[in-house]
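Visitor: I should like to learn how to read some features of a protein model. Could we work through them one at a time?

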Amino acid sequence: MLHLVLTCLLLSIASGLSMRRFLLPYFSSGDLAEKSAPVTIVASAVFLAAIAFTVSDQDLWAKSVILMIGLSLAAMFDDARPRLTIALSAVSLAAYLGLRSIS
């Protein structure tokens, strides 16, 4: 049970913290340099990987919990320090991958 809760938490952190930066190029606000920044590219990779692992590895109830927690994290955290947020998101995804390889 602890393994399931931990994987849900790690995936929701990875997807939630990178979601705002992933959606940045699809909105008209912001300049071109910010939209094509390396941080945005890393955030896109982390977000898409977290969503792919959520869809492929989790049960239906876990998918909904992960998406709800991810959406609430995306709403709570702003994009004031994008490098720190994306670094935490990438570390969370790496920890999930480590737990996935153990089990």
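Guide: The following dialogue takes up a helix, a cavity and several individual residues. The model is a predicted one.

Visitor: Let us begin with the helix. How many residues does α1 have, and what distance does α1 reach from its first C-alpha to its last?

Guide: One compares the end-to-end distance of a helix with the span expected for its number of residues. Helix α1, residues 2–23, has 22 residues and reaches 32 Å, close to the 32 Å expected at 1.5 Å a residue.

Visitor: Where is the kink in α1 centred?

Guide: The kink is centred on leucine 17 and amounts to about 25°. Leucine 17 also belongs to the lining of the largest cavity.

Visitor: How does one find such a cavity in general?

Guide: Rolling a probe the size of a water molecule over the atoms shows where empty space is left. In this model, one cavity of 30 Å³ or more is counted. The volume of the largest cavity is about 50 Å³.

Visitor: Which elements give two or more residues to the lining of the largest cavity?

Guide: They are α1, α4 (60–76) and α5 (82–102). Helix α1 supplies the largest share of the lining, with four residues. The lining includes Gly16, Leu17, Arg20 and Arg21, together with Leu73, Ala74, Phe77, Asp78, Asp79, Thr85 and Ile86.

Visitor: How many residues of that lining are nonpolar, polar and charged?

Guide: Five are nonpolar, two are polar and four are charged.

Visitor: Let us turn to one lining residue. Is arginine 21 buried or exposed?

Guide: The test is the relative accessible area, and a value under 20% means buried. Arginine 21 has a relative accessible area of 4%, so this residue is buried. Arginine 21 has its place in helix α1.

Visitor: Which residues does arginine 21 touch, not counting residues up to four places away in sequence?

Guide: Arginine 21 touches Glu34, Ala37, Val39, Thr40, Ala43, Asp79, Pro82 and Ile86. Of these contacts, Asp79 and Ile86 also appear in the cavity lining. Another lining residue, alanine 74, is 53 residues from arginine 21 along the chain, with 9.5 Å between their C-alpha atoms.

Visitor: Glu34 is among those contacts. Where does glutamate 34 lie, and which residues is glutamate 34 in contact with beyond its neighbours within four places in sequence?

Guide: Glutamate 34 lies in helix α2, residues 32–35. With those neighbours left aside, its contacts are Arg21, Leu24 and Thr40. Glutamate 34 counts as partly exposed because its relative accessibility is 32%. The C-alpha atoms of glutamate 34 and threonine 85 are 15 Å apart, and the two residues are separated by 51 residues along the chain.

Visitor: What is the relative accessibility of glycine 70?

Guide: Glycine 70, in helix α4, has a relative accessibility of 0% and therefore counts as buried. Not counting residues up to four places away in sequence, glycine 70 touches Ser12, Ser15, Gly16 and Met19.

Visitor: Finally, is leucine 97 buried or partly exposed?

Guide: Leucine 97, which lies in helix α5, is partly exposed, with a relative accessible area of 35%. Leucine 97 and phenylalanine 53 are 44 residues apart in sequence, while their C-alpha atoms are 9.3 Å apart in space.

Note on methods:
Residues are numbered from 1 along each chain as its sequence is written. This is a predicted model: local features need pLDDT of at least 70, side-chain atom pairs count only at pLDDT 80 or more; totals for chains, interfaces and linings use all residues. Side-chain values use heavy atoms; hydrogens and water are left out. The bend at a residue is the angle between axes fitted to the seven residues ending there and the seven starting there. On a 1 Å grid over the protein atoms alone, a cavity is a set of points where a 1.4 Å probe fits but cannot get out, and a pocket is an open set with protein on both sides within 12 Å along at least five of seven lines; lining residues have an atom within 4 Å of a point. Grid points are joined across faces, edges and corners, and a volume is the space filled by probe spheres set on the points. Ala, Val, Leu, Ile, Met, Phe, Trp, Tyr, Cys and Pro count as nonpolar, Asp, Glu, Lys and Arg as charged, and the others, Gly among them, as polar. Buried means under 20% relative accessible area, exposed over 50%, partly exposed in between (1.4 Å probe, protein chains only). Contact means heavy atoms within 4.5 Å.
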